[in-house]
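Work through the exercises below with the structure open. Each task is followed by a solution in steps.

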Amino acid sequence: MAAGSGRGLSAVVFRQQKWKSSVSTKAKMPPCNFVPEKYKSHSYERMQKIREQNISPSLRTFYKQPLLLHQGHMQWLFDYEGRRYLDLFAGIVTVGVGHCHPKVTMATQKQLARLWHISSIYMHPSIQEYAEKLTSLFPDPLKVVYLTNSGSEANDLAMFMARLYTRSFDIISFRGAYHGGSPYTLGLTSVGLYKHGVANGFGCLTTMLPDVFRGPWGGSHCRDSPVQTVRKCTCSEGVCHAKDQYIEQFKDTLNTSVPKTIAGFIAEPIQGVNGAVQYPRGFLKEAYQLVRERQGVCISDEVQTGFGRTGSHFWGFQTHGVVPDIVTLAKGIEIASSLAQNLHVNTFGGNPLACTVGAAVLDAIEEDGLQKNSEDVGTYMLLELAKLRDKFKIVGDVRGKGLMIGVEMVTDKDHRHPLPAEEVGQILEDCKDMGVLIGRGGLYSQTFRFKPPMCITKEDVDFAVEVFDAALQRHMERAAAKRT
């Protein structure tokens, strides 16, 4: 099951900008030889007014003065006045190969001139070509795809298929998980900010998140990451007491909250919206076994971890040594067959344009060596950010794998209380003023999310870390001024 156009299809300086900001830094933005087009649309004030009057207020923007972005090129974004920004959030972790990647742009333009849309009731070359390329990247038996339009829709369909195939109903997810915002998937999503006061989630249950930084158990060897938590443990090689404790909690959920048979269990290989939370090594493998003992199917949500972002593997589930039954991206053929018992169609899923873009993205990942780049540059970024954890008491945890990185902010490392959201927001503002765009997440909006286009360079990382360092210093100065 793939989300429509394939994750991460998109695509810098004319001159170094002189940023008008109260924050000072000696960080020099890396050069870029791309020159954006001149902005010709409405004024900023007019755009703001249209948004206030005609766009749903639920579609919130970052920053006190929202950015009006005009053009993108690879890891760079340009605003309406030509200012350049290093994008470390990649369209909420979807622009894998870079903004307006030339190869993807060219393939899109050619397909636009050929065929846009005919629906799945007819064959067209693009869907077969994309399906063959995509499934070749999966291990057996994950060789059948159903193309949808979004991650939420893909997870929605995965729930439906799991229930249809098993003839059971209950599905388990982790607390802190984000699997979509549709009425169906909101039952799986367990982040309070996304919950609404309407009925949802019938048959969906959450279990304890095996978070080795914020959870009750964790140590200094738990994660599959170049950077471990500052928590200490006495575990010997190949033993993880934290993992064993979290598995006992998972067993408790199975023994107390669901019937003897269940429909399934869904998990992100690394939690995305919750701030790149990683589980102890070996946890998912044992959890999958327990789920299958109850005839449930195991679902891996690869919306953020897929397509080489974790570096060492193309899919996040491979880093755990497991093979799921359904990937929200692809699924096993026998489960897919259960859907064919009755009619199920998707009008726009698998359309010629989206499939062409998806195939071009896969080509770009391979030709540009982006999986290897994610591993090399991601590891470098993790280790550089870990130096800031050692430098600042408010940096509680640095974690992740490849270019899927979280930096969790705390009031102090001993108590691990989340840094207040307004303080995190001001650090975010300062980074933006110095030319770096970062995401945020976590249950308390306390975690910075570093998940850039996979074409980012080590030179870009040096600039980003220097800017982040300056913003943290500025925060410490503000905090000190308040105390005096």
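**Exercise 1.** In this predicted model, state whether Phe448 and Phe468 are buried or exposed, then classify their ring pair.

Solution. Start with accessibility: both Phe448 and Phe468 are buried. Next take the ring geometry. The centres of Phe448 and Phe468 are 5.3 Å apart and the planes stand at 80°. Planes over 60 degrees apart count as edge-to-face, so this aromatic pair is edge-to-face. Last, place the residues: Phe448 belongs to strand S16 (residues 447-450) and Phe468 to helix H12 (residues 458-483), so the pair ties together parts 20 residues apart in sequence.

**Exercise 2.** Count the aromatic pairs in the whole structure, and classify the pair Phe62 and Phe89.

Solution. The search of the whole structure gives 21 aromatic pairs. For Phe62 and Phe89, the ring centres are 6.3 Å apart and the planes meet at 10°, so the pair is stacked. The pair links distant parts of the chain, 27 residues apart: Phe62 is in the loop between helix H1 (44-54) and strand S2 (69-73), and Phe89 in the loop between strand S4 (84-87) and helix H2 (90-93). With a relative accessible area of 33%, Phe62 is partly exposed, whereas Phe89, at 11%, counts as buried.

**Exercise 3.** Locate Glu384, explain why Glu384 counts as buried, and find a polar contact of its side chain.

Solution. Glu384 sits in helix H10 (residues 370-391). Its relative accessibility is 17%; buried means under 20%, so Glu384 counts as buried. The side chains of Glu384 and Lys387 are joined by a polar contact of 2.9 Å.

Conventions: Residues numbered from 1 in each chain as written. Predicted model: local features only at pLDDT ≥ 70, side-chain atom pairs only at ≥ 80, totals over all residues. Heavy atoms only, no water. Helix = DSSP H or I, 4+ residues; strand = E, 2+ residues; numbered from the N terminus. Buried < 20%, exposed > 50% of the residue type's maximum accessible area, 1.4 Å probe, protein only. Polar contact = N/O pair within 3.5 Å; in protein donor to acceptor, adjacent residues only side chain to side chain. Phe/Tyr/Trp six-rings, centres within 6.5 Å; stacked < 30°, edge-to-face > 60°.
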